[in-house]
Amino acid sequence: MSDSPVLTQDALEAAHHAHPPYQRHHFETMDQQNDATNFAMWLFLLTEIMFFGGLFTAYLILRNWYYPAFVAASHQLNVYWGSLNTLVLISSSFTMAMGVWCAETRRKSGLVLCLTLTFLLGLVFLGIKTIEYSEKIEKHHVPGFHYSLQSFLNPASDPAAAQYGDKPLALDMARKTELYFFLYFAMTGMHALHMIIGIAILGFMIFRARAGAYTTGHVTFVENFGLYWHFVDIIWIFLFPLLYLISRHQ
Amino acid sequence: MSTTIVTLPDQSTARIPKMNYLSKENGLLSWLLTGDHKRIAILYLISISFFFFIGGALAGLIRLELLTPQSDLMATDTYNKIFSMHGIIMIFFFLVPSVPATLGNFLIPMMLGAKDLALPKVNLLSWYLYIAAGILALYAMITGGVDTGWTFTTPLSTHYVNTNVITTGMAIFIAGFSSIFTGLNFIVTIHKMRAPGMTWFRMPLFVWAHYATSILMVLGTPVLAIALVLVVLERTVGIGVFDPAKGGDPLLFQHLFWFYSHPAVYIMILPGMGVISEVISTFSRKRVFGYTAVAFSSVAIAVFGFFVWAHHMFIMGISNYSVLIFSLLTMLVAVPSAIKIFNWAFTLYKGSITFETPMLYAFGFMGLFTIGGMTGIFLGTSGVDIHLTETYFIVAHFHFVMVGGMLMAFLAGVHFWWPKMTGRMYPEKISQLAALVTFIGFNLTFFPQFILGTLGMPRRYASYPPEFQVLNVFSTAGATILGIGYLLPVLYLTWSLKYGEIAGNNPWQATGLEWQTQSPPLTENFVELPIMDHEAYDYEWLERQKEKEVASVG
Amino acid sequence: MSDISPVLWQFLVKWLTNFALFPPEASRIAPQMDALYFFIVLVSLVGLTIVILLVTSFSILYSKKRHPVAVQIEGSTLLEATWTIIPLGLFLVMFVWGALIYFRVYTPPANAMNIYVVGKQWMWKAEHPGGQHEINALHVPINRPIQLTLISQDVFHSFSIPAFRVKREAIPGRYTSVWFEATTPGTYHLFCTQYCGTEHSHMIGEVVAMSPDDYKKWLASSTSGSSLAQNGERLFASLSCNACHNTRPDARGPSLANVYGSKLRLSTGQTITADDAYIREAILSPSQHITQGYAPIMPTYQGQISEDGVIALVEYIKNLNSDYRVQQTTTTTDLLPESEGKAAPAGQTSAGKGMVNQ
């Protein structure tokens, strides 16, 4: 075998095909680059499903064991705030989808508007979540921090429980509500963390979109972020019925 | 050596190509901000070696303590911290990233004929995550350590120990994301970055093995991540889903933990199997016997590997019927490994074999992995598992697979691709000696542990009944030899960076695309886009290429 | 010879005199398990030999010197099928054989004598039906099936007797069980094999297998005066369990006579067998296990009774049956010379029944 061909800097430069500035050097074509990054995003979402899967498994097992506790504890959640938040999140998915469309059709101002709306709706979601969390803190429903069983031992004293006509739980079952709230905070907290990360990236994207970054034909970043945002939305679509709705008529 | 196949270039005129990935840019920043998969692989190689020797030093302390039956060298809680940190560092900071993040990172794009991995920045990010996790783990170790064992069994880890569980847990969480990103990058690269003509069944088996590994990394690691998050939360707030006192289920932790940690065993061995396929084919100058079977056996291991986790829980009170199912599936997952061993053995048949260092390590791998695999059958057999589990038999079994298997494969791979990575040969004689020393030391260290385990000596004991001492003395003596076996390569490989002979493009006359370019390669790997017009391991194609070149030069 | 190196010499002597490949076979199951163990050892050795033979013979026959040009071979479906099917067949044999032994080890016979074992950091407490307590030791008679019901007070532990080839995890919050029948009198190791914290390696003890006569003597010499069921009876009364669990027509709780081992219909409509685990759960989290026809008024005793106390209660409730277990317990206590006089009039069977019937 001969020695390696002697290469000059010129030869290497010439080997670079003319390509758009956003095409990374190690890709042969733009299609390959878009395919690869999209595929990567789908795989990442798959890992996220496995991640949340662990929480859902824990929820299903414990719900099965301590059914009355889970029913009574879920009555403490405010369905109106929950439904409103679902609406907010679905709307934000809509604005995000519109944003992707704007980027694809190179509408800069439309893109900035959509991203800003998504950003704001995300903040609204977190704001409502904060209100819900503070209700829990007031009622001492935060596991591990002076957790109070009052609403479950004596539901008549608690309007949220009384509204469903809850019967008092036995002490041992009432204690299991703490597990429900542990899961509630773990699951919605993990979801909120994903929202916060998403909102931070959205802020960065708005900044870049105003400079016209995504409206020159290279929209993979917006598309992939859109996938992420819809995924976070879908997680909520599972959390909402499991935590808020499933036990409403028990 | 008359039988060697090394065809080094004429050493009087030989030189390292001026333009290569090492020389392209200089300075620390050009390394720390690089997107080049080869440079990231080198960064990984240095960092995992560092962690390997920390883990190795801890192993040395363990063996020293076990020289005598009393816990006299250190207090029991110190011993517990040391074996915990040994396990954590060796598994999460050495074995999981060992072959994939170094050799895989370096070679997968080259083997596929690509310029880089699909996501170079993510690749760099994954190294930084690894480093951050490593520093956090070391910080946890220095500021008091952790004594839960690497398994973090609840409720011990959540309510009963007062060591750095949270810090270590977070370190492993971050290391997990490093591993997820590596796996994700490999899958995307293998799907989308193959050169023209590189069909799935023309890919080297090394790539197939990494594809299977990556699937395990991407789907398994997040489950470990959430299990650790729940442990950390439970420790922080004092209540959680694993707490039996509050109505939680400690077995749920076992299920979640082993859902990752059993596939993790395959994450740790499959890439090694990939290395062995390449090495054995090259040094017998023959295509791998039953390519498709070996390729599919990797995928089969990955798929079955997800459904055997509860065999770690046979005595933990899971129902007898789940024991039946998991024991049966464990038997099924053993079959692909057996297929691989026999296919490698038959690759030698009618070959033209030479015995360079990588081949010696590969032979070591085959022997030790066979023992490691067969002892796995003992443990998968539910009845015998009752007696052998949680004893030194388990310890010996997984060290045969992890150290005898993966570490041997890692060393085989590092020697095999050393000329490609650095452009220089390692010194052959001393490295053959190192391979031999490692093999002898390894057997002396771990074989007595099978007998200890059968006799009933439990694992994770700082002190033990005196009748077990003799075998423990053998084991400690072996560990000393093994330590020398691992230090030697560091010394002579470092030496070879400056004084090794110039290797040339393809010293082993191997067929992989990575050998058809200069050593060390260009940053872009190839001068022009390679086109794969032949099967993998096509030595006749290689002969024709050589003839062509001779003709054109002539 | 011995002057070469006394240390080395001593070492070798020690090794040769103590050398063993497997622990003593001191239980009924041990030879059966060892048979399977050595079968797998044999298969492994044959497999390993085949691999080593193939590799060395090919290395010699086809080294580059002897065989300069390799012959390219694709593979062989027939050969590959052979080494897929033969190992698979062997593995399946091991699977079936292993499962048979597994089921045997974890399925106690109906006439087994039950000993409760509580694990805690870092000791084993054994509770014999006759009221004998032991710490880090277990005395058992030979030639009699012994069932161990294990539970942990804190973290996972594992109760291992290598000479009997049995091992079972002691789990916090639930009972597990294992059984064995010792065959050879002697003293054997007892280990905790699940890592359980700082003093894990000191959570060891000994199992003493004794002839039935020695065992009787041991029972007599280590009695605490009252049987486990009697302790339970006292606890039952002091916790006022009998305020509700009695046989009066207006009783607020179900009667517990003959409840052990019976099928209960719960308020959820499920049918459940009242075993040890069920009774424990019913004491600690009663609201999950409401018997049909009763109101969920029983308070939880979680945090008020130790695992030992729960065990005493379970044993007491068990003895409200008129089956062989009562017999068994009375005979063990009746063996005690000085308690014979005391225990017989206040014998827990009649006293227990009496209390429930009052």
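Helices and strands here are DSSP runs, with at least four residues for a helix (H or I) and at least two for a strand (E), numbered from the N terminus. The legends below all describe a predicted model.

**Figure 1. Chain A, an all-helix chain.** By that reading, chain A holds 10 helices and zero strands. Walking along from the N terminus, you meet the elements in the order α-α-α-α-α-α-α-α-α-α. Along the principal axes, the C-alpha atoms of chain A occupy a box of roughly 85 × 50 × 30 Å. The radius of gyration of chain A is 25 Å, whereas a compact globule of 250 residues would come out near 18 Å. Of those 250 residues, 39% count as buried. Take the contacts in chain A with a separation of 6 or more: 77% of them link residues 24 or more positions apart.

**Figure 2. How far to trust chain A.** Mean pLDDT for chain A is 87, with 92% of its residues at 70 or more. The stretch to treat with care is residues 1–15 of chain A, where the pLDDT is below 50. In the model, this stretch still has 15 contacts beyond near neighbours in sequence. Where pLDDT is low, predicted coordinates should not be read in detail.

**Figure 3. Helix α5 of chain A and its packing.** Which residues does helix α5 of chain A cover, and how far does it reach? Helix α5 of chain A spans residues 108–138, 31 residues in total, and its first and last C-alpha atoms lie 45 Å apart, close to the 45 Å expected at 1.5 Å a residue. An α-helix has 3.6 residues a turn, so positions three or four places apart point the same way. With that in mind, look for the buried residues of α5(A), among them A:Leu111, A:Cys114, A:Leu115, A:Thr118, A:Leu121, A:Gly122 and A:Phe125. A:Val112 and A:Phe119 are buried too. The buried residues of α5(A) pack against three helices of chain A: α4 (79–104), α9 (177–210) and α10 (220–245). After α5(A) comes A:His140, with a positive phi near 55 degrees.

**Figure 4. Strand β8 of chain C, covered on both faces.** Chain C brings strands into the picture, with 12 of them alongside 10 helices. Buried residues account for 42% of the 358 residues in chain C. Strand β8 of chain C (residues 176–180) is largely enclosed by the rest of the structure, because five of its five residues are buried. In a regular strand, side chains alternate between the two faces of the sheet. On one side of β8(C) sit C:Thr176, C:Val178 and C:Phe180, and on the other C:Ser177 and C:Trp179, all of them buried. Strand β5 of chain C (residues 146–152) runs antiparallel to β8(C), and five bridges join the two. One residue to pick out is C:Ile146, whose bridge partner in β8(C) is C:Phe180.

**Figure 5. Where chains B and C meet.** Here 77 residues of chain B are in contact with 79 residues of chain C. Helix α11 of chain B (residues 320–347) gives the most to the side of chain B that touches chain C, supplying 14 residues. Sorted by class, that side of chain B has 43 nonpolar, 25 polar and nine charged residues.

**Figure 6. Where chains A and C meet.** This contact takes four residues from chain A and eight residues from chain C. The side of chain C that touches chain A has three nonpolar, five polar and no charged residues.

Key:
Residues numbered from 1 in each chain as written. Chains lettered and ligands numbered in written order. Predicted model: local features only at pLDDT ≥ 70, side-chain atom pairs only at ≥ 80, totals over all residues. Contact = placed C-beta atoms within 7 Å. Nonpolar A, V, L, I, M, F, W, Y, C, P; charged D, E, K, R; others polar. Expected span 1.5 Å × (residues − 1). Buried ≥ 20, exposed ≤ 12 C-beta atoms within 10 Å, placed from the backbone. Rg over C-alpha atoms; globule rule 2.2 N^0.38 Å. pLDDT = per-residue confidence, 0-100. Pairing = 2+ DSSP bridges.
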